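Here is a walk through the fold, written for someone who would rather be at the bench. Have the model open alongside and follow the parts as they come up.

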Amino acid sequence: MNLLVSTPPLNGFEHMAFDEQTVRLRPSAVTLRFYRWTDGPAVTFGYAQFLSEVDRALATQHFTGPRVRRPTGGGVVFHTDDLTFSLVFPSAGRPADIYKRFHACILGELARAGAKGRAFDKTLPASAYAPSVNHTASACFVNPVENDLLAEDGHKILGGALRRFGSCVLYQGSLQLPGARTSPAYKNAVTEAVRAFLAADLRPAGADENWLHRARELAASQYQTPAWTEKF
């Protein structure tokens, strides 16, 4: 059964663990989830990033809150008032093709919600986009990659990271528009994009206690540990 699953508010470590447990528990189904955060601003960063690089990026923003290594790739993402979400689904497609097609669906739904934009095309000149404040891979929302979504003024508004677990794909995304976290219209746009992208009907459901318990156990045993955070 394909689900639009809800959880109680979780911290960053628990969010990452919940997504990984979703892959383990539901690898053959579609599962969309919008994060609910327990605390103030948080930061997540990509699986393969060097911690020293991450800490330098955070120091430039004077950020001292929790930082969490994701199970997916990408760069540093500041979670303040963004709409953060994850999607787990079976697919044999190439990650780059998945990213392009899914973001195209989201772009269309955002336009219907009144948030017009465009996909980043690296073949266009840099003058077509908003200026970058630095050129490190650590700054996810500073330097867009192919098929990230940009506002009409060229600033990045949607980025995501993919990881394949066998025949199952985990996508973690961040929509950074004013009021994104609290806007029903933006949540509906992402939900409808998932339905269009995967031809999937999603049934709203709450995560059961076993699911949550396993996520919290994984958060404590893996995501909160120095062995994971300081992996590279």
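## Cysteines

Search the whole structure for disulfides and you come back with zero. Bear in mind that the model is predicted. As a reminder, a disulfide is a covalent bond between the sulfur atoms of two cysteines.

Take C105: the closest cysteine sulfur belongs to C168 and sits 18 Å away, which is too far for a bond. C168 is in no disulfide either, with the sulfur of C105 being its nearest at that 18 Å. How buried or exposed are these two? C105 is partly exposed because its relative accessible area is 21%, while C168 comes out at 1% and so counts as buried.

## The eight-strand sheet

One open sheet has eight strands, in the order 7-8-9-10-6-2-1-11, with mixed pairing. Strand 7 (117–119) and strand 11 (203–206) stand at the edges; each has a single partner strand, so one side of each has no neighbour in the sheet. Going from one strand to its neighbour, the average turn is 20 degrees, direction ignored.

Now for some of the pairings. Strand 1 (residues 3–6) runs parallel to strand 2, joined by three bridges, and L4 faces L32 of strand 2. Between those strands the chain passes through helix 1 (residues 12–25), making a right-handed β-α-β crossover. Strand 2 also pairs with strand 6 (residues 83–90), this time antiparallel and over four bridges; there, T31 has V88 as its bridge partner. Elsewhere in the sheet, strand 8 and strand 9 are antiparallel with two bridges, and L150 is matched with K156 of strand 9.

## Two faces of strand 2

In a regular strand the side chains alternate between the two faces of the sheet. Strand 2 (residues 31–34) shows this nicely: T31 and R33 point one way, L32 and F34 point the other way, and all are buried.

## Helices on the sheet and the cores

Helix 3 lies across strands 6, 7, 8, 9 and 10, at about 145 degrees to strand 9. Helix 4 packs on the sheet too, touching strand 1, strand 2, strand 6 and strand 10, and its direction makes about 15 degrees with that of strand 6.

The largest nonpolar core has 30 residues, and F85, F102 and L110 have the most contacts inside it. Two or more residues each come from strand 2, strand 6, helix 3 (95–112), strand 8 (149–151), strand 9 (156–165), strand 10 (168–175) and helix 4. Which element gives the most to this core? That would be helix 4, with six residues. Apart from this core there is another, of 11 residues, including F13, V68, L218 and A219.

## T191 and S167

T191 is part of helix 4 (residues 184–198). Its relative accessibility is 6%, so T191 counts as buried. Leaving out residues up to four places away in sequence, T191 touches L4, L32, F34 and L202. The C-alpha atoms of T191 and I106 are 8.8 Å apart, although 85 residues separate them along the chain.

S167 makes a handy contrast. You'll find S167 in the loop between strand 9 and strand 10, and at 54% relative accessibility it counts as exposed. Beyond its neighbours within four places in sequence, S167 is in contact with F89, P90 and S91. S167 and T191 are 24 residues apart in sequence, with 22 Å between their C-alpha atoms.

## The three-strand sheet

There is also an open sheet of three strands, in the order 4-3-5, with mixed pairing. Its edge strands are strand 4 (67–69) and strand 5 (77–79), each pairing on one side only. The twist averages 25 degrees from one strand to the next.

Strand 3 (residues 42–45) and strand 5 run antiparallel, joined by three bridges, with A42 partnered by H79 in strand 5. Helix 2 (residues 51–60) packs on this sheet, touching strand 3, strand 4 and strand 5. The direction of helix 2 makes about 150 degrees with that of strand 4.

Methods. Residues numbered from 1 in each chain as written. Predicted model: local features only at pLDDT ≥ 70, side-chain atom pairs only at ≥ 80, totals over all residues. Heavy atoms only, no water. Pairing = 2+ DSSP bridges. Axes fitted to C-alpha atoms, helices over the stretch in contact; angles between N-to-C directions. Contact = heavy atoms within 4.5 Å. Buried < 20%, exposed > 50% of the residue type's maximum accessible area, 1.4 Å probe, protein only. Disulfide = S-S within 2.5 Å. Right-handed = clockwise from strand over helix to strand, strands pointing away. Core = buried A, V, L, I, M, F, W, Y, C linked by side-chain atoms within 4.5 Å.
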